[in-house]
Amino acid sequence: MAETIKAVIFDLDGCLVDSETLAIGAITDEMREMGINDVTFEEIRSRFLGVSMRIICEEVGKRTGRGIGSEFVERVEARLFARYARELRQIAGAEAMLDSFRKRGIAMAIATGGSIRRMGETVRMGGLTPWFDGAAFSADQVANGKPAPDLFLFAAEQLGVAPADCVVLEDSPHGVRGAVAAGMSAVGFVGGSHLNGMEDDHAAILQEAGAARVFKRLEDVNGYVLAKAI
């Protein structure tokens with residue numbers, strides 16, 4: 001666990017924007033459209049929260065018995081962006097927290113399992129460009145997505161901050177494991193609407209995965225980071 005914090009690396013969906021319900025729904029709907037009728041929202045949430053679309057494509061391929069290429073991702077993203085235009089919102093307290101970190105001189109980056117295209121649209125439509133222009137990174141840019149440490153190490157390298165001086169905010173146990181494997185401190189977050197009614201259970205899962213602390217509000221994340229910032 002980092003004794004001091006010089007940088008915060010954020011998972012995007014479910015930590016800065018309340019998009020996980022929309023994303024899980026888009027994946028579930030597209031899988032059903034392909035004939036995977038037994039898939040449920042709960043299954044995708046429990047098994048694939050925070051992982052790259054490459055892993056989800058592998059699962060779809062296994063269940064359909066045929067190769068799944070980029071067209072699956074494109075169809076999911078088309079569904080998702082249509083819903084973004086109507087429903088995408090920031091997590092409460094996100095802008096105040098980001099402004100607070102910037103004023104304190106804390107470096108910030110996004111590390112998401114989503115594609116570069118999805119990441120760009122989420123950042124833009126979620127109103128996050130002022131803080132992350134040029135500092136948002138996708139699993140598409142590394143060999144292995146979460147739970148491997150590659151993406152977090154890549155983000156830290158781009159920021160010019162040692163892994164030991166980074167803290168990662170994650171809502172997924174896969175992301176927490178990846179952060180810990182990268183030698184970073186991981187903090188869990190359970191304030192997204194996709195975790196409504198199961199916050200305490202999911203917090204226990206994140207702690208088991210290696211999260212040093214788990215928070216339900218970004219205001220509390222803000223206070224935690226500032227108390228440890230250089």
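So, A26 is buried, with a relative accessible area of 3%. This is a predicted model, by the way, so please hear everything I say with that in mind. Where does A26 sit? Its place is in helix α1, which covers residues 20–33. And what does A26 touch, once we leave aside its neighbours within four places in sequence? Three residues come up: V76, R79 and L80. If you want a distance to check on your own screens, try A26 to V225. Those two are 199 residues apart along the chain, and their C-alpha atoms are separated by 33 Å.

Okay, on to R83. That one belongs to helix α4, residues 70–87. Buried, exposed or partly exposed? R83 comes out at a relative accessible area of 24%, and buried means under 20%, so R83 counts as partly exposed. Not counting residues up to four places away in sequence, R83 touches L22 and L88. There's a C-alpha distance for this one as well: R83 and I116 are 18 Å apart in space, with their positions 33 residues apart in sequence.

Next, the cysteines. How many disulfides does the structure hold? The count is 0. Just as a reminder, a disulfide is a covalent bond between the sulfur atoms of two cysteines. Take C15: the closest cysteine sulfur to its own is in C166, and that is 16 Å away. The cut-off for a disulfide is 2.5 Å, so the sulfurs of C15 and C166 are too far apart for a bond. C15 is also buried, at a relative accessible area of 0%. C57 is another buried one, and its relative accessible area is 11%.

Last stop, a helix pair. If you scroll along to α9, residues 173–181, you'll see it packing with α10, residues 199–209. The axes are 8 Å apart, and the angle is about 25°. That makes α9 roughly parallel to α10, because angles under 35 degrees count that way. As for handedness, α9 passes α10 in a right-handed crossing.

Which residues make the contact? From α9 we have P173, V176, R177 and V180, and they meet H202, I205, L206 and A209 in α10. Sort the residues of that contact by type and you get 6 nonpolar, 1 polar and 1 charged.

That's my tour, thanks.

Methods. Residues are numbered from 1 along each chain as its sequence is written. This is a predicted model: local features need pLDDT of at least 70, side-chain atom pairs count only at pLDDT 80 or more; totals for chains, interfaces and linings use all residues. Side-chain values use heavy atoms; hydrogens and water are left out. Axes are lines fitted to C-alpha atoms, for helices over the stretch in contact, and angles run from 0 to 180 degrees between N-to-C directions. Helices (H or I, at least four residues) and strands (E, at least two) are DSSP runs, numbered from the N terminus. Angles under 35 degrees count as roughly parallel, over 145 as roughly antiparallel, 65 to 115 as roughly perpendicular and the rest as oblique. A crossing is left-handed if the near helix is turned anticlockwise from the far one by less than a right angle, and right-handed if clockwise. Contact means heavy atoms within 4.5 Å. Ala, Val, Leu, Ile, Met, Phe, Trp, Tyr, Cys and Pro count as nonpolar, Asp, Glu, Lys and Arg as charged, and the others, Gly among them, as polar. Buried means under 20% relative accessible area, exposed over 50%, partly exposed in between (1.4 Å probe, protein chains only).
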